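Colleague: Could you take a close look at one part of this model for me? I'm after the details, in plain words.

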Amino acid sequence: MNNRSEILFLYDVKWANPNGDPLDENKPRIDEETERCIVTDVRLKRTIRDEWLSWGETIWVSGEAVSPDERRKELKIEKKEDALKCLDVRLFGAVIPISKQADTSYTGPVQFRPGTSLHAVKVVFQQGTAAFTSQDQAQQRSFREEYLIPYALIAFYGVANETAAKITKATEEDLQKLLKAIWDGTKNLITRSKMEHNPRLLMRVVYKEDVKYHIGELDSYLEIQSSVDEKSIRDISEIQLKIDRLLEKLEQSKDLIERVELKQSDRLTVIRNGNPVKIDKVLKDMNIEVVNLP
């Protein structure tokens, strides 16, 4: 991985809990000031890792309830460098519990900020009866309680740092596996609380080799336009994504950009100057190379 790059990922959820807070009744995480939904980077990485595991990739953080020492023995990691056979260590970093080595950590080249919805969301409280009684002798079934978000369009922003990649030996192939797992892993979140997670836009801005520069906070240049109140949005068809400011930033930096890798859902409407546009066409008109992700 010789080039610095930035990752922008948008997905939406319907009647789901995208990231419950276990310290607050597993309620969706909400910014009280803006009423926007928050999803931790840990949740996104779990989605990615689960997808990698389904492919048979070697992963350090498997999600199973084991101690770090047990996991190290399972993977036959005898020294710190052995952990680099794990795809998530090469990309996200890790702390490897090897007592004989003073430095047991790797800083991952790929870092994500917490994701946030691009609009205020509503949280709905629901109750229902459980499938079984609460005790062996009880005649009445217990109640279940859950908090759901009817709709949210969530944006994640990340940076892939080529300097750290030299230490963890992360490759361009590794990063392509990350991009595929972000998209496919989100679609494969088919559980009761995560049903209806749909990837909508994935963009990677790749800078020229040896360019120590990136635009930064790409998600902050996005806005949504809707004919209904933000909290009343229930479907992607009620949203238009305004990318005027993002395109301006990309055009200002185009001499430093090698290419833009792109994947977009056909249900996402993108507008510039109030009119629907194709992102790849606009970028090509700016003389920026576009590569469509598989």
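What is the relative accessible area of Asn 26? And once that's done, what does helix 1 do with helix 5?

Modeller: Sure, quick ground rules first. It's a predicted model, with local features needing pLDDT of at least 70 and side-chain atom pairs counting only at pLDDT 80 or more, while totals for chains, interfaces and linings use all residues. Numbering starts from 1 along each chain as its sequence is written, and side-chain values use heavy atoms, with hydrogens and water left out.

Asn 26 comes out at 44%, so it's partly exposed (buried is under 20% relative accessible area, exposed is over 50%, partly exposed is in between, using a 1.4 Å probe and protein chains only). Asn 26 lies in the loop between strand 2 (20–21) and strand 3 (27–31) (helices, H or I with at least four residues, and strands, E with at least two, are DSSP runs numbered from the N terminus). Its phi is positive, near 60°, and Asn 26 isn't a glycine. Asn 273 also has a positive phi without being a glycine, at about 55°. That residue lies in the loop between strand 15 (269–272) and strand 16 (275–276), and at 62% relative accessibility Asn 273 counts as exposed.

Now your helices. Helix 1 (residues 41–55) packs against helix 5 (residues 172–187) at about 100°, with the axes 8 Å apart (axes are lines fitted to C-alpha atoms, for helices over the stretch in contact, and angles run from 0 to 180 degrees between N-to-C directions). That makes the two roughly perpendicular, a label for 65 to 115 degrees.

On the helix 1 side, Thr 47, Ile 48, Glu 51, Trp 52 and Trp 55 take part. They meet a set in helix 5 that includes Leu 178, Ala 181, Ile 182 and Asp 184, where contact means heavy atoms within 4.5 Å. By class, that contact has six nonpolar, three polar and four charged residues (nonpolar: Ala, Val, Leu, Ile, Met, Phe, Trp, Tyr, Cys and Pro; charged: Asp, Glu, Lys and Arg; polar: the others, Gly among them).

Helix 1 has 15 residues and reaches 21 Å from its first C-alpha to its last, close to the expected 21 Å (1.5 Å times one less than the number of residues). Its buried residues include Thr 47, Ile 48, Glu 51 and Trp 52, names you've just seen at the contact with helix 5. Arg 46 is found in helix 1 too, and it counts as buried because its relative accessibility is 17%. Setting aside residues up to four places away in sequence, Arg 46 touches Leu 53, Val 61, Ser 62 and Gly 63. Right after helix 1 comes Gly 56, with a positive phi near 90°.

Helix 5 has 16 residues and reaches 23 Å, close to the 22 Å expected. There's a bend of about 25° at Ala 181 (the angle between axes fitted to the seven residues ending there and the seven starting there). Ala 181 is one of the buried residues of helix 5 and also one of those that meet helix 1. Others buried in helix 5 include Asp 174, Leu 175, Leu 179 and Trp 183.

Note on methods:
Angles under 35 degrees count as roughly parallel, over 145 as roughly antiparallel, 65 to 115 as roughly perpendicular and the rest as oblique.
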